[in-house]
Amino acid sequence: TDKTIFKYLRHEDTFYDRKSGWLCFGNKKIEVIDDVIEIMENVCVVLRDEELISVWVKVGENLEIA
């Protein structure tokens, strides 16, 4: 279909930036010590001390996220 469903454990672990179109699963705050790695187009993972702290997916601007 033309829709994608992302499952998550808790609502507070997600963040959607309407302006940029990025959806974050995990910790939205990125520190200077973090490594941001683009694993595929429009999908990035953030590692801190070799541990996954968040996944960012560009889903599009101004979407209604429920």
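In this predicted model, strands β1 and β2 form a hairpin with four residues between them. The turn of this hairpin contains G21, which has a positive phi of about 85 degrees.

The two strands of the hairpin run antiparallel and are joined by four bridges. Strand β2 also pairs with strand β5, again in the antiparallel sense, over five bridges. The two pairings are set out below.

| Strand pair | Residues | Sense | Bridges |
|---|---|---|---|
| β1 and β2 | 14-17 and 22-26 | antiparallel | four |
| β2 and β5 | 22-26 and 51-58 | antiparallel | five |

Residue C24 of β2 takes part in both pairings. F15 stands opposite C24, and the bridge partner of C24 in β5 is W56. In general, the side chains of a regular strand alternate between the two faces of the sheet.

The surface carries patches of two kinds. The negative patch is formed by D35, D49, E50 and E51. Of these residues, E51 lies in strand β5, the strand that pairs with β2. E51 has a relative accessible area of 57% and is therefore exposed, as the cut-off for this class is over 50%.

The nonpolar patch, of about 290 Å², is made by I37, I39 and M40. I37 belongs to strand β3, which covers residues 35-40. Is I37 exposed or partly exposed? Its relative accessibility is 37%, so I37 counts as partly exposed: this class lies between the limits of 20% and 50%.

Note on methods
Residues numbered from 1 in each chain as written. Predicted model: local features only at pLDDT ≥ 70, side-chain atom pairs only at ≥ 80, totals over all residues. Heavy atoms only, no water. Patch = residues over 30% accessible without salt bridge, like charges linked within 9 Å, V, L, I, M, F, W, Y side chains within 5 Å. Areas by Shrake-Rupley, 256 points an atom, 1.4 Å probe, with all protein chains shown as cover. Salt bridge = Lys/Arg side-chain N within 4 Å of Asp/Glu carboxyl O. Buried < 20%, exposed > 50% of the residue type's maximum accessible area, 1.4 Å probe, protein only. Pairing = 2+ DSSP bridges. Lys, Arg positive; Asp, Glu negative; His and termini not counted. Charge placed at Lys NZ, Arg CZ, Asp CG, Glu CD.
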